[in-house]
Amino acid sequence: MSLPFLPRIIGHRGAKASAPENTLASIRQAKTEGAGWVEFDVKLTADGEAVLIHDETLDRTTDGCGKVRERTLADIRALDAGGWFSPRFAGERVPTLAEALALMAELGLGFNLEIKPCPGREAETARVAVAAIARYWPASLPAPIVSSFQIEALRAARDAAPHVMRGYIVEKLSANWRTEAESLGCRSIHPSWRGLDEATARAIKTAGLALLVWTVNKPDVARRLLDWGADSLITDAPAALAGELATK
Ligand code: G3P
Ligand code: MG
């Protein structure tokens with residue numbers, strides 16, 4: 001099966017360097033900065049709703065505190081998710097996955113949804129995420145990727161929605177990365193650039209897999225990865241990377 005179109009630049013948590021991560025403002029910012037897709041993180045609230053947030057707790061990226069898994073959607077929606085970043089973004093909310101999908105459809109942005117489950121909710125988070133894609137992301141729009149560090153989440157995504165492309169995220173690839181990816185039916189590998197060498201990058205491409213590398217903010221690193229065959233660079237600063245790559 002051939003790989004879908006993949007953009008060179010994917011905004012990390014929206015455009016994390018210039019807007020509060022994982023908010024609608026951050027998604028809009030990524031579009032403005034020239035990203036083709038965005039990457040964002042999905043967790044479940046206490047009442048099982050999918051929201052965009054990276055950490056297990058609310059403390060760093062909202063004006064609330066405590067564990068995401070112990071708060072309802074209503075609790076979380078009452079929080080400010082923008083003011084911590086800059087007063088300019090005060091009033092931003094933690095978006096639901098449905099809201100984020102609607103905005104991306106409106107903006108013409110594709111996406112890489114990272115299933116980022118709270119411990120013990122791996123399969124449930126995956127199932128809710130792929131169900132939202134089925135419900136809110138028409139097949140006529142660009143095919144997305146769902147990815148995770150968590151093998152249990154990837155298995156659950158595969159079982160619930162085998163047709164949705166899956167990506168295997170790793171800090172550093174182990175020697176048996178190919179077997180692991182195949183056993184999960186993953187068609188893309190998402191390593192950190194810090195743990196990736198040229199031979200492995202080229203082997204991933206030779207194996208017919210897509211290579212999406214994070215979090216690439218330096219133009220010289222971006223160039224090297226593209227030379228090695230990387231398909232997409234997941235970056236906090238789409239504008240900086242796009243400008244630099246376009247001019248040389
Ligand atoms: O999807 C790649 C990257 O986002 C994984 O790390 O911690 O930024 O979600 P993290
Ligand atoms: Mg992520």
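In what follows, Ala, Val, Leu, Ile, Met, Phe, Trp, Tyr, Cys and Pro are counted as nonpolar, Asp, Glu, Lys and Arg as charged, and the others, Gly among them, as polar. The structure described here is a predicted model.

## Cavity and pocket

By that classification, the lining of the largest cavity divides into six nonpolar residues, five polar ones and one charged one. A search of the whole structure finds one cavity of 30 Å³ or more, and the space in the largest cavity comes to about 60 Å³. Its lining is made up of Glu-21, Asn-22, Thr-23, Leu-52, Ile-53, His-54, Thr-61, Thr-62, Ala-81, Trp-84, Val-94 and Pro-95.

The largest pocket, for its part, has a volume of about 260 Å³. Among the 16 residues lining this pocket, those closest to its centre are Ile-133, Ala-143, Pro-144, His-163 and Val-164. Helix α4, which spans residues 122–136, supplies the largest share of the pocket lining, namely three residues. In terms of residue class, the lining of the largest pocket consists of 14 nonpolar residues, one polar residue and one charged residue.

## The magnesium site

The magnesium ion, ligand 2, is coordinated by Glu-39 through OE, by Asp-41 through OD and by Glu-114 through OE, at distances of 2.0 to 2.2 Å. Along the chain, the donors of this ion follow the spacing E-x1-D-x72-E. Because buried means under 20% relative accessible area, Glu-39 falls in that class with a value of 4%, and Asp-41 is likewise buried at 1% relative accessibility.

## Salt bridges

The count of salt bridges in the model comes to 11. Three of these pairs are set out below, each with the separation of its N and O atoms.

| Pair | N to O separation |
|---|---|
| Arg-60 and Asp-55 | 2.7 Å |
| Glu-182 and Arg-178 | 3.3 Å |
| Lys-205 and Asp-231 | 2.7 Å |

In the pair of Lys-205 and Asp-231, whose closest N and O atoms are 2.7 Å apart, Lys-205 lies in helix α7 (residues 198–206) and Asp-231 in the loop between α8 (219–227) and β9 (232–235), so the salt bridge ties together parts that are 26 residues apart in sequence. Lys-205 is partly exposed at 26% relative accessibility, and Asp-231 is also partly exposed, with a relative accessible area of 23%.

Elsewhere, salt bridges that share partners join Arg-13, Glu-21, Asp-41, Asp-55 and Arg-60 into one network. Several members of this network appear in the sections above: Asp-41 is one of the residues that coordinate the magnesium ion, while Glu-21 is one of the residues lining the largest cavity. Within the network, the side chains of Arg-60 and Asp-55 meet in a salt bridge, and this pair combines a partly exposed Arg-60, at 36% relative accessibility, with a buried Asp-55, whose relative accessible area is 17%.

The pair of Glu-182 and Arg-178 is placed within one element, since both residues lie in helix α6 (residues 177–184), where they are four residues apart, or about one turn of the helix. Here Glu-182 is exposed, with a relative accessible area of 54%, whereas Arg-178 is partly exposed at 42%.

## Strands and their pairing

Strand β9 is covered on both faces, given that Ser-232 and Ile-234 on one side and Leu-233 and Thr-235 on the other are all buried. Strand β1 (residues 9–12) pairs with β9 in the parallel sense over three bridges, and in this pairing Gly-11 stands opposite Thr-235. Strand β8 (residues 210–213) also runs parallel to β9, to which it is joined by two bridges, with Leu-212 standing opposite Ser-232.

A comparable description applies to strand β7 (residues 188–191), from which Ser-188 and His-190 point one way and Ile-189 and Pro-191 the other way, all of them being buried. Strand β6 (residues 165–170) runs parallel to β7 and is joined to it by four bridges, and Val-170 of this pairing stands opposite Pro-191 in β7.

Technical notes: Residues are numbered from 1 along each chain as its sequence is written. Chains are lettered from A and ligands numbered from 1 in the order in which they are written. This is a predicted model: local features need pLDDT of at least 70, side-chain atom pairs count only at pLDDT 80 or more; totals for chains, interfaces and linings use all residues. Side-chain values use heavy atoms; hydrogens and water are left out. Donors are N, O and S atoms within 2.8 Å of the metal (3.2 Å for Na, K and Ca); water is not among the atoms, so sites may look incomplete. Buried means under 20% relative accessible area, exposed over 50%, partly exposed in between (1.4 Å probe, protein chains only). On a 1 Å grid over the protein atoms alone, a cavity is a set of points where a 1.4 Å probe fits but cannot get out, and a pocket is an open set with protein on both sides within 12 Å along at least five of seven lines; lining residues have an atom within 4 Å of a point. Grid points are joined across faces, edges and corners, and a volume is the space filled by probe spheres set on the points. A salt bridge is a side-chain nitrogen of Lys or Arg within 4 Å of a carboxyl oxygen of Asp or Glu. Two strands pair if DSSP finds at least two bridges between them.
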